Amino acid sequence: MSGLVNALLIIAVVAVVVVRQCSARRISDDRRWWILPGILLVVSLREPGLMDAHHEASSVVVLGAELAVGLVTGAGWGWTARLWREPDGSLWSKGTKATVFVWTGGLVLRAALYGAAALMGIHQGSAALMTALAVTLLVRSGVLMWRARQMRPAYGGAADGVPSRPAWKDSV
């Protein structure tokens, strides 16, 4: 794919994810949470230019830092989302103000890494950005699914007269 197509794909994925994160969304346990990040990862790894051929060692270090930022951002994003159960037993999620700070911090760190790499003469293509975005989304979704599985089942919900255990974020 060309750089323009990659850039448009990245922008589209980020727009979809941000819109979905800012609104309350029902979480289903359909085990397909990894598909979008998986597709992004496959597309990014098939692209040439993941590493700068003229600065291989430095390029690996920058990519590793980018992936570390993606891991931390994804984990923070997943942990700061609010989870709750409705009386009908359905599980819902919505980003919080802390989620916005985590997301913004991740973007600032990525921009700083990109700027530092550019100052060192390391060329980073869109494949590196897509790989880091895929890791971020994969970790975020994994954390949300893990947290969702830790919540009490619907049979102990408020509809039965038994209050359900509040989500971790609700008690903080």
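Which helix gives the most to the lining of the largest pocket? The answer is H5, with five residues, and this report on a predicted model returns to that pocket after describing the sheet and a pair of packed helices.

**The sheet**

Three strands form an open sheet in the order S1-S3-S2, and their pairing is antiparallel. S1 and S2 stand at the edges with a single partner strand each, so one side of each of them has no neighbour in the sheet. Direction ignored, neighbouring strands of this sheet are turned against each other by 35 degrees on average.

The two pairings can be followed one at a time. Strand S2, which covers residues 82-85, pairs with strand S3, residues 91-94, in the antiparallel sense over four bridges, and within this pairing arginine 82 stands opposite lysine 94 in S3. S2 and S3 form a hairpin with five residues between the strands, and in this hairpin glycine 89 takes a positive phi near 95 degrees. On the other side, S1 and S3 run antiparallel and are joined by three bridges, with isoleucine 27 standing opposite leucine 91 in S3. As background, the side chains of a regular strand alternate between the two faces of the sheet.

Helix H5 lies across S1, S2 and S3, and runs at about 35 degrees to S2.

**Two packed helices**

Two packed helices are described by the angle between their axes and by the distance between those axes. Helix H3, residues 56-80, and helix H4, residues 97-119, pack at an angle of about 175 degrees, and their axes are 8 Å apart. Because angles over 145 degrees count as roughly antiparallel, H3 is roughly antiparallel to H4. The residues that meet in this contact include Val62, Ala65, Val69 and Trp77 from H3, and Val102, Trp103, Leu109 and Leu113 from H4. Taken by class, the residues of the contact of H3 with H4 divide into ten nonpolar, six polar and two charged.

**Two pockets**

Rolling a probe the size of a water molecule over the atoms shows where empty space is left. The table sets out the volumes of two pockets and the classes of the residues that line them.

| Pocket | Volume | Classes of lining residues |
|---|---|---|
| Largest pocket | about 580 Å³ | nine nonpolar, five polar and seven charged residues |
| Second largest pocket | about 260 Å³ | nine nonpolar, three polar and two charged residues |

The largest pocket is lined by 21 residues, and those nearest its centre are Arg20, Arg25, Trp33, Arg140 and Ser141. Several elements contribute to the lining of this pocket, since helix H1 (3-22), strand S1 (25-27), helix H2 (35-46), S3 and helix H5 (126-150) each supply at least two residues.

The second largest pocket has a volume of about 260 Å³, and 14 residues line this pocket, with Ile10, Glu66, Leu107, Arg110 and Leu129 closest to its centre. H1, H4 and H5 each supply at least two residues of its lining, and H4 gives the most, with five residues. Glu66 and Arg110 are also among the residues through which H3 and H4 meet.

Key:
Residues numbered from 1 in each chain as written. Predicted model: local features only at pLDDT ≥ 70, side-chain atom pairs only at ≥ 80, totals over all residues. Heavy atoms only, no water. Axes fitted to C-alpha atoms, helices over the stretch in contact; angles between N-to-C directions. Parallel < 35°, antiparallel > 145°, perpendicular 65-115°, else oblique. Contact = heavy atoms within 4.5 Å. Nonpolar A, V, L, I, M, F, W, Y, C, P; charged D, E, K, R; others polar. Pairing = 2+ DSSP bridges. 1 Å grid on protein atoms, 1.4 Å probe; cavity = no way out; pocket = protein on both sides within 12 Å on 5 of 7 lines; lining within 4 Å. Points joined across faces, edges and corners; volume = space filled by probe spheres on them.
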